Amino acid sequence: KQWYQRRVRVTEGRKMSYGQAKDLLRGWVSERWLLEDRQNNSFQLGPRVIIELSQYIHSIYGDHVSTCLLCKTLCVYGTRCDSCDSKFHGHCRQRLVKSSSSLGSVKCPQCKSLWEKQ
């Protein structure tokens, strides 16, 4: 609430103006709370949200988010093992596949089932 109050002054009980909302969004983008997608005229959660609010996100949205089995961080989008349903970031799984390429086969770190190389 403090960073909101510093950035935009809004009198309690009054609606925020378009200019104030625009300034607030610009501030959140500059501080990496949000990422702006100008092509689609929208915003997405930025890296700072993921880093600083991951415990909160897990506690509130626990049924909809997971932890990547490989890097142990918040995983909203990712891939799952077909056998045990463990979740991984796409880039974490690719790194595992790449590092295991000399072994000839890649196994899920959780259930040890064989994965097809992608």
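Helix α4 covers residues 90-99, and R93 is one of its members. In this predicted model, R93 has a relative accessibility of 9%, and because buried means under 20%, R93 counts as buried. A helpful landmark for finding R93 in the structure is R80: the two residues are 13 positions apart along the chain, and their C-alpha atoms are separated by 9.5 Å.

Helix α3, made up of residues 47-61, invites a closer look. How far would a straight helix of 15 residues span? At 1.5 Å a residue, the answer is 21 Å, yet the end C-alpha atoms of α3 are only 17 Å apart. Following the helix along its course, one meets a bend of about 75 degrees at L53.

The next point concerns which parts of α3 are covered and which are open to the surroundings. V49, S54 and I57 are buried. The buried residues of this helix pack against two strands, namely β2 (42-45) and β4 (74-75).

Other residues take part in the surface. L53, the site of the bend, joins Y56, I60 and Y61 in a nonpolar surface patch, and together these four have about 400 Å² of accessible area. Is I60, a residue of helix α3, buried, partly exposed or exposed? Its relative accessible area is 47%, which lies between the cut-offs of 20% and 50%, so I60 is described as partly exposed. R93 of helix α4, at 9%, falls in the buried class instead.

Conventions:
Residues numbered from 1 in each chain as written. Predicted model: local features only at pLDDT ≥ 70, side-chain atom pairs only at ≥ 80, totals over all residues. Heavy atoms only, no water. Helix = DSSP H or I, 4+ residues; strand = E, 2+ residues; numbered from the N terminus. Expected span 1.5 Å × (residues − 1). Bend = angle between axes of the 7 residues up to and from the residue. Buried < 20%, exposed > 50% of the residue type's maximum accessible area, 1.4 Å probe, protein only. Contact = heavy atoms within 4.5 Å. Patch = residues over 30% accessible without salt bridge, like charges linked within 9 Å, V, L, I, M, F, W, Y side chains within 5 Å. Areas by Shrake-Rupley, 256 points an atom, 1.4 Å probe, with all protein chains shown as cover. Salt bridge = Lys/Arg side-chain N within 4 Å of Asp/Glu carboxyl O.
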